[in-house]
Amino acid sequence: MKLDLPSLSLSQIPKQNAFTAIRIICAIIVVYEHLVVLLDLNIFSANIRNLAVETFFFLSGFWVTRSFFTSKNLLEFFKKRLRKIFPPYLIIIFACAILLVFLSTLDARSYFSDSGFWKYLAANITTLNFLHPDLPGVFDGHPVNGSLWTIKVELGFYIFLPLIIILCLGTHDKVSSVRILFVLMTIYFLSLAYVFAIPFFIEKYNLPFSLTYQLPACMRYFATGMFCFFFYDKIYSVLNYLVAPCFILLVLSVIFKNVNFVFYISSIFEPATLAIVVIWSALKARPLFIFSKIYDFSYYLYLFHYPIIMVVKELI
């Protein structure tokens, strides 16, 4: 199926860039802080793994939108996205399900016949990890892979992207910047409304805290990535002027994030400040360009590290 959209001239992204470096650094941050938390290590942790994950969501909004416009049709777009996401994802799901029998308190026959084993497979294959994150007799009932919650969010981005683009571009011959801005800002502020409202509903109705980080809350980062795709040239022209104040605001929001009023201010401005810092770093931080020549293994590092750390914890 090919959507009848107005033609769009794609900006040229320099081949020498630090996007790969940023993804790898973010994955390393997540791995390091999970090591500290899960192994209860008494070493420094900046507690910025959520910021690293939010960077992934922003980059997804930027690059996946570009992937949409370089695809011949919707089918090709979804095939590309699913080929990228699911093979390594399914490998880690089945590897954990099969190999962790050796760490289970159950014998092999009881383990593989336990309903919890099959519930784990069903929930995780469908990316609904929260329904059954553990395996029978493994890790004292703790989640096997606490990083997998982002995958269903990422798939949600892919599903909503064509609709968002239709709303942004319509079917007219001329692309309207005002229309794109209105649609993306609407998504941004609806996402903010969710972020501000959900703590109230969690407390009042005793809902799971994990609702704080679900798709609606993450959409502001994806929408910001889309904004940077559509207005790339304009943003690039003012990057050097914006990066210093945005970096300062981003650092302050991280340092004082536990202060109530800072939480609200940070929630409003963090996606935008993060976007400027990331784009500037990707295009201007030349020492990081060396990573543009290596394979981007950040997704594999992100997917595989958590159960490995849990195995280490079990054995030491």
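Which residue forms a salt bridge with Glu33? The partner is Arg49, and the closest N and O atoms of the two are 3.3 Å apart. This pair links distant parts of the chain, with Arg49 in helix 2 and Glu33 in helix 1, 16 residues apart. Glu33 counts as buried because its relative accessible area is 2%, and the cut-off for that word is under 20%. Please keep in mind as we go along that this is a predicted model.

Let us stay with the charged side chains for a moment. The count of salt bridges comes to two. Besides the pair of Arg49 and Glu33, there is one in which the side chains of Arg23 and Asp296 meet, at 2.7 Å from N to O. Arg23 belongs to helix 1, while Asp296 sits in the loop between helix 10 (260–284) and helix 11, so this salt bridge ties together parts that are 273 residues apart in sequence.

Helix 1 appears in both pairs, as the home of Glu33 and of Arg23, and is a good place to look next. How many of the 20 residues of helix 1 are buried? The number is 14, so the helix is largely enclosed by the rest of the structure. Its geometry can be checked with a ruler: at 1.5 Å a residue, 20 residues should span 28 Å, and the end C-alpha atoms are indeed 28 Å apart. Thr20 is also part of this helix, which runs over residues 19–38. With a relative accessibility of 10%, Thr20 counts as buried. Leaving out residues up to four places away in sequence, Thr20 touches Phe291, Ile294 and Asp296. Asp296 in that list is the residue that pairs with Arg23. Just after helix 1, Asp40 takes a positive phi of about 55 degrees.

Now move along to helix 2, which covers residues 49–70 and contains Arg66. Here is a puzzle: which side chain of opposite charge is nearest to the buried Arg66? That side chain is Asp233, but it is 8.5 Å away, and Arg66 has no salt bridge. A salt bridge needs a nitrogen and an oxygen within 4 Å. What the side chain of Arg66 does reach is the backbone oxygen of Ser11, at 2.8 Å. Apart from neighbours within four places in sequence, Arg66 is in contact with Leu10, Ser11, Gln12, Ile13 and Phe229.

Thr70 is found in helix 2 as well. At 45% relative accessibility, this threonine counts as partly exposed. Thr70 touches Leu10, Glu76 and Lys80, again without counting residues up to four places away in sequence. Leu10 is therefore a contact of Thr70 that lies well back along the chain: the two are 60 residues apart, yet their C-alpha atoms are separated by 8.9 Å.Turn next to the greasy interior. Which residues of the largest nonpolar core touch the most other members? Of its 84 residues, these are Phe157 and Phe230. Leaving out residues up to four places away in sequence, Phe157 touches Phe57, Ser60, Leu215, Cys218, Met219 and Phe222. Helix 8, made up of residues 215–230, has 16 residues that should span 22 Å at 1.5 Å a residue, and its end C-alpha atoms agree at 22 Å apart. This helix is mostly covered, with 14 of its 16 residues buried.

The loop between helix 5 (115–125) and helix 6 (149–169) holds Phe139, and Asp140 lies in that loop too. Phe139 has a positive phi of about 55 degrees although it is not a glycine, and Asp140 likewise has a positive phi of about 55 degrees without being a glycine. Are these two residues buried or exposed? Phe139 is buried, with a relative accessible area of 2%, whereas Asp140 is exposed, at 71%.

Our last stop is Leu303, in helix 11, which covers residues 298–315. Leu303 is buried, with a relative accessible area of 0%. Its contacts, leaving aside neighbours within four places in sequence, are Pro88, Tyr89, Ile92, Asn145, Leu148 and Ile151. The C-alpha atoms of Leu303 and Val31 are separated by 9.8 Å, although the two residues are 272 apart along the chain.

Methods
Residues are numbered from 1 along each chain as its sequence is written. This is a predicted model: local features need pLDDT of at least 70, side-chain atom pairs count only at pLDDT 80 or more; totals for chains, interfaces and linings use all residues. Side-chain values use heavy atoms; hydrogens and water are left out. Helices (H or I, at least four residues) and strands (E, at least two) are DSSP runs, numbered from the N terminus. Buried means under 20% relative accessible area, exposed over 50%, partly exposed in between (1.4 Å probe, protein chains only). Contact means heavy atoms within 4.5 Å. Lys and Arg count as positive and Asp and Glu as negative; His and the chain ends are not counted. A polar contact is a pair of N or O atoms within 3.5 Å; within protein, one must be able to donate a hydrogen and the other to accept it, and residues adjacent in sequence count only if both atoms are side-chain atoms. A nonpolar core is a set of buried Ala, Val, Leu, Ile, Met, Phe, Trp, Tyr and Cys residues joined through side-chain atoms within 4.5 Å. The expected span of a helix is 1.5 Å times one less than its number of residues.
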